[in-house]
Amino acid sequence: MQFNLVATDAQSKARAGVVQTEHGVIETPIFMPVGTAGTVKAVHQRELKEDIKAEIILGNTYHLYLRPGLQILEQAGGLHKFNGWDRPILTDSGGYQVFSLAGTRKIKEEGVKFKSHIDGSTLNFTPENVMDTQRIIGADIIMAFDECTPYPCDYGYARNSMERTHRWLQRCVDRFDSTEPKYGFDQTLFPIVQGSTYKDLRVQSAETIASFGREGNAIGGLSVGEPAEMMYEMTELVCDILPKDKPRYLMGVGTPANILENIALGVDMFDCVLPTRNARNGMLFTTQGIINIRNKKWADDFSPIDAELGGYASTFYSKAYLRHLVHAGEYLGGQVASVHNLTFYLWLVKQARQRIIDGTFRDWKDVMVKKLMTRL
């Protein structure tokens, strides 16, 4: 994997870059739709490519390990062949599940013992087998195994967790560097910065992660309930330490406003379930602000969902029709809303990229953040 900076913004820390992988080029800043179980919910691969214009999607190591399982993925020739997506894929490591399945897991130095949410069977994730699992899944970018700490988090717990994450990282790197990709294309390992919301821990973690000299770096443990301003403070602190010539990936973030503010702080890559999850509940992100399509005010609004955005789903279907679909519980409602929201997210980061290149990002960002938080 290679990363080249194309432009930097004079009035902020925003950057435009290009990530080159063997499955294609990723222009940053970029938003990566989340395909937890090998699919972006309710969205065809053709729509992802042609309508949404996604350049990279995510898979989830924990979920793919359970279903369809490594044997099927290996027989298929990896996730790209299995789901037909021929552009880059990033897989998370299962670290977030360590956080989200708090009631059914035990963390030890060796690794983490889980109970499957499907059948209750016991699973063991270690830095080594998580590297092997992601090799088999066949992602272009794979994540180090870490623990995502909750918020709020006791300082002592945050420090111990961070130090263990660093020890796990060394084991991840050793295993990754001693094994080969399975399907004939290169894979890249990103370490993850942790440290909760404690400045000294975040600094220590960012410096430790940077010292490994990998091709890219991730920032974890944010967007887990802390105030937005605290997230921005930690992100800025970390971005100022992580190498400028490597892509920076802020995991699990977030709203359109979150994304623009974090681009301004130097983040290059984002992912979040928000656009698709909220779509299924009737919340639409548009170029003019936020729409709750369930509201009665849209019942006789026959204008397109978002004429300014463009794209098939956003211009072909009316607000009134989408509201009808959602109220009727029709599957098409969730599909149209999901395609629309993802189209918007990809449009937003492309707009940000162009503004960075043009030198107009900061003023545009300040206007857009206010507009995009407006409820219509």
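This note covers the two annotated active-site residues in a predicted model.

1. **Annotation.** The UniProt annotation "active site" covers Asp-92 and Asp-271. It comes from an unreviewed entry. The two positions are spread over 180 residues of sequence, yet they cluster in space. Their largest C-alpha distance is 10.6 Å.

2. **Pocket.** Where do these residues sit relative to the largest pocket? Both Asp-92 and Asp-271 belong to the lining of that pocket.

3. **Asp-92, placement.** Asp-92 is in strand S6, which runs over residues 89-92. Is Asp-92 buried or exposed? Its relative accessibility is 14%, so Asp-92 counts as buried; the cut-off for buried is under 20%.

4. **Asp-92, neighbours.** Leaving aside residues up to four places away in sequence, Asp-92 touches Gly-59, Asn-60 and Thr-61. Asp-92 also touches Gln-97, Gln-134 and Met-143.

5. **Asp-271, placement.** Asp-271 is in strand S15, residues 269-271. Its relative accessibility is 8%, and therefore Asp-271 also counts as buried under the 20% cut-off.

6. **Asp-271, neighbours.** Again leaving aside residues up to four places away in sequence, Asp-271 touches Phe-31, Met-32, Val-34 and Leu-58. Asp-271 also touches Tyr-249, Leu-250, Met-251, Gly-252, Val-253 and Gly-254.

7. **A side-chain contact to check.** Which side chain makes a polar contact with the side chain of Asp-271? The partner is Tyr-249, at 2.7 Å. Tyr-249 is also among the residues that Asp-271 touches.

Note on methods. Residues numbered from 1 in each chain as written. Predicted model: local features only at pLDDT ≥ 70, side-chain atom pairs only at ≥ 80, totals over all residues. Heavy atoms only, no water. UniProt positions renumbered as here; feature names shortened; annotations may be inferred. 1 Å grid on protein atoms, 1.4 Å probe; cavity = no way out; pocket = protein on both sides within 12 Å on 5 of 7 lines; lining within 4 Å. Helix = DSSP H or I, 4+ residues; strand = E, 2+ residues; numbered from the N terminus. Buried < 20%, exposed > 50% of the residue type's maximum accessible area, 1.4 Å probe, protein only. Contact = heavy atoms within 4.5 Å. Polar contact = N/O pair within 3.5 Å; in protein donor to acceptor, adjacent residues only side chain to side chain.
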